[in-house]
Amino acid sequence: MIISWIAVCLLLTGQASWVQAKQAQEPATASIVLNGTKLEMLPGVTIPIVSGSVMIPIRMVVQGLGYEVKWQQKEQKVTVLALDKKIEMTVRNEEAFVNGLAKRMTAAPMVISGTSYIPLRFVGEELGLKVGWDNKSKTVSLDSAMPAAPQQEPLPPVAAAPEGPGLPGGTNSGGTTDAAPVPAPVTDAGQMKVETISYADNRLIVSTSEPVEPKFSTMSGPDRIIMDIPNAVFSTSLSQSLVTGGQGSIAVNDAYVKKIRYSLFSKEPQSIRIVIDTTQAIPYEVIKEEAGAYYVIIDLNAGIANTPVQPIGQDGKKLVVIDPGHGGSDPGAASVTGRREKDFTLSLSHKVVQLLSAEPGIDVVMTRSDDTYVELGSRGTMANALGANIFLSIHGNSFPQNPSVRGTETYYYNEACRPFAELMHRHLLGASGFPDRKVKSKSLKVLRDAAMDALLLEIGFLSNSEEELIMFDESFQWRVAQAIVDGIKEQLQVQGQVKQQVQGQLPVPQTGV
């Protein structure tokens, strides 16, 4: 028995040496092109070729296509859930199970430095991918069965420069014209569309073009909440936010939610899946509009606070919709130092929402909570669908033809909104200290679409070096955010929290042109 044991050890050692020598003769790594785009590997992650089989890091490719992946550490088992397929594989075992049917793979899954690798061709073909291999360049090509995002049409020609900033018909890129990118037309005419997906105040809000009956479920390991919307497609704007593999996401990363993902889950019939990746199992409430407006809300506040939650705008609360201008493929104006308007508007809007969330008589919703593009026509209509009392679109102004131009402007469309515009403008001037460029009326789509008190706020000029420096300062943004909240509360005539102390305020700049 001892002699036999020694012989087996020698045999295994010899086989290991032979495998290492064979692998040393083969290319160390390959590269992957997914739907025409080369995937960038994380530091330290390679694509090994083992015994002629290309091994791929499963999470980088499969999750990029919107599928679910489970890893069972104890059993060393990988499970892929994709549409109507369930693929089960075990490390160091060449036998896989596809919907319970045993199938032989060309190579067994392996774990290298904590990363799970699987044979590309087997898994790719089982998932309905078209798999190609260029031996000369050692490149793997994967073509997803999921439709790519629609191509965006070229932008329309820029209008002639105005004589001064903020004039009708001008090219003011801060949002005072309708010069947003023109999206490709939606080809699925007549189908129900998911128009916006946003997350704020522990609420996921999904607006649609027609009434929907979603299906809800939860999964663990990791924890997540799933909403499936049948017979639906993405609107043009949401389609443009999808990355390679047909998936979009909203990065949250707070104490309760890590991320929100969405993708086309099924082609026949077409359906959309939205997944909330949570840090723990969280009970939730589903709220649907009952008066004909089309949106669904997954509210996590009940599970977090363990108290009943009223629908948005109910129980006597007023509803405010905050619209951070631009976003995603529409960066807005470029500042004098190359910073982007969309980043300024999102940062300031988050501060406004944080302050409003502390007001017991006010509910607040954002049209976008991260760097995604929301179609111009969906912003005001989302506020209408929610039955909002106030809609505010926040922007940074720009007039690069004359960098000395400075100041704060407030725009309204409906004449009935002028008193609110004047009220808000006074608060903004006091907080910013910028020159007064007055309250102005203008036919802007984002305001025309909103059927409530609606304003567009141009805080300052990003094309002016002095104002740009101040506008990206945190203490300035908190001060302006508090001024916006004060204006909202005065307009709504609600009593609320005492003003939050803003530390480190900047000196008020001198007024002037």
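This is a guided tour of a predicted model, moving from the whole chain to helix packing, aromatic pairs and a few backbone details.

**The whole chain**

Begin with the full chain displayed as a cartoon, where eleven helices and 29 strands can be traced. If you colour by accessibility, 50% of the 513 residues count as buried. Among the contacts in the chain with a separation of 6 or more, 66% are made by residues 24 or more positions apart.

**Helix α11 and its two partners**

Two packed helices are described by the angle between their axes and the distance between the axes. Select helix α11, residues 474-492, together with helix α6, residues 341-357. The axes of α6 and α11 come within 9 Å and cross at roughly 55 degrees, which makes α6 oblique to α11. The crossing in which α6 passes α11 is right-handed. To see the contact itself, show side chains on both helices: the residues of α6 that take part include Phe 344, Leu 348, Val 352 and Leu 355, and those they meet in α11 include Trp 478, Ala 481, Ile 484 and Val 485.

Keep α11 on screen and replace α6 with α8, residues 418-432. Here the axes of α8 and α11 come within 9 Å and cross at roughly 155 degrees, so α8 is roughly antiparallel to α11. As α8 passes α11, the crossing is right-handed. On the α8 side the contact includes Phe 420, Leu 423, Met 424 and Leu 428, while on the α11 side Phe 476, Val 480, Ala 483 and Gly 487 are among the residues met. Val 480, Ile 484 and Ile 488 of α11 are listed in the contact with α6, and Val 480, Ile 484 and Ile 488 also appear in the contact with α8.

**Aromatic rings**

A pair of aromatic rings is described by the distance of the centres and the angle of the planes. The model has four aromatic pairs, and two of them are visited here.

Select Phe 216 and Tyr 284, whose ring centres are 6.4 Å apart with planes at 45 degrees, so the pair is tilted. Phe 216 sits in strand β16 (residues 215-219), whereas Tyr 284 is in the loop between β21 and β22, and the pair links these distant parts of the chain across 68 residues. Both rings belong to partly exposed residues, since the relative accessible area is 28% for Phe 216 and 24% for Tyr 284.

Now select Phe 434 and Phe 476, where the centres lie 5.4 Å apart and the planes stand at 25 degrees, so this pair is stacked. Phe 434 lies in the loop between α8 and β28 and Phe 476 in helix α11, so the pair ties together parts that are 42 residues apart in sequence. Phe 434 and Phe 476 are both buried.

A further ring to select is that of Phe 472, over whose face Arg 339 lies at 4.2 Å from the ring centre.

**Helix α7**

Select residues 376-386 for helix α7, which is largely enclosed by the rest of the structure because eight of its eleven residues are buried. Those buried in α7 include Leu 376, Arg 379, Met 382 and Leu 386. Just after α7, Gly 387 takes a positive phi of about 70 degrees.

**Backbone details**

Go next to the loop between β16 and β17, where Pro 222 has its place. Gly 221 and Pro 222 are joined by a cis peptide bond, with omega at about 0 degrees.

Then select Gln 76, in the loop between β5 and β6, which has a positive phi of about 55 degrees although it is not a glycine. With a relative accessible area of 19%, Gln 76 is buried, because buried means under 20%.

Compare Arg 92, found in the loop between β7 and β8, which is not a glycine either and has a positive phi of about 65 degrees. Arg 92 is exposed, with a relative accessible area of 68%.

Finish at Leu 81, which is in strand β6 and counts as partly exposed at 26% relative accessibility. Leu 81 and Glu 68 are 13 residues apart along the chain, and their C-alpha atoms are separated by 5.1 Å.

Technical notes: Residues are numbered from 1 along each chain as its sequence is written. This is a predicted model: local features need pLDDT of at least 70, side-chain atom pairs count only at pLDDT 80 or more; totals for chains, interfaces and linings use all residues. Side-chain values use heavy atoms; hydrogens and water are left out. Rings of Phe, Tyr and Trp (its six-membered ring) pair if their centres lie within 6.5 Å; planes under 30 degrees apart count as stacked, over 60 as edge-to-face and the rest as tilted. Helices (H or I, at least four residues) and strands (E, at least two) are DSSP runs, numbered from the N terminus. Buried means under 20% relative accessible area, exposed over 50%, partly exposed in between (1.4 Å probe, protein chains only). A charge sits over a ring if NZ of Lys or CZ of Arg is within 6 Å of the ring centre and within 35 degrees of the ring normal. Axes are lines fitted to C-alpha atoms, for helices over the stretch in contact, and angles run from 0 to 180 degrees between N-to-C directions. Angles under 35 degrees count as roughly parallel, over 145 as roughly antiparallel, 65 to 115 as roughly perpendicular and the rest as oblique. A crossing is left-handed if the near helix is turned anticlockwise from the far one by less than a right angle, and right-handed if clockwise. Contact means heavy atoms within 4.5 Å.
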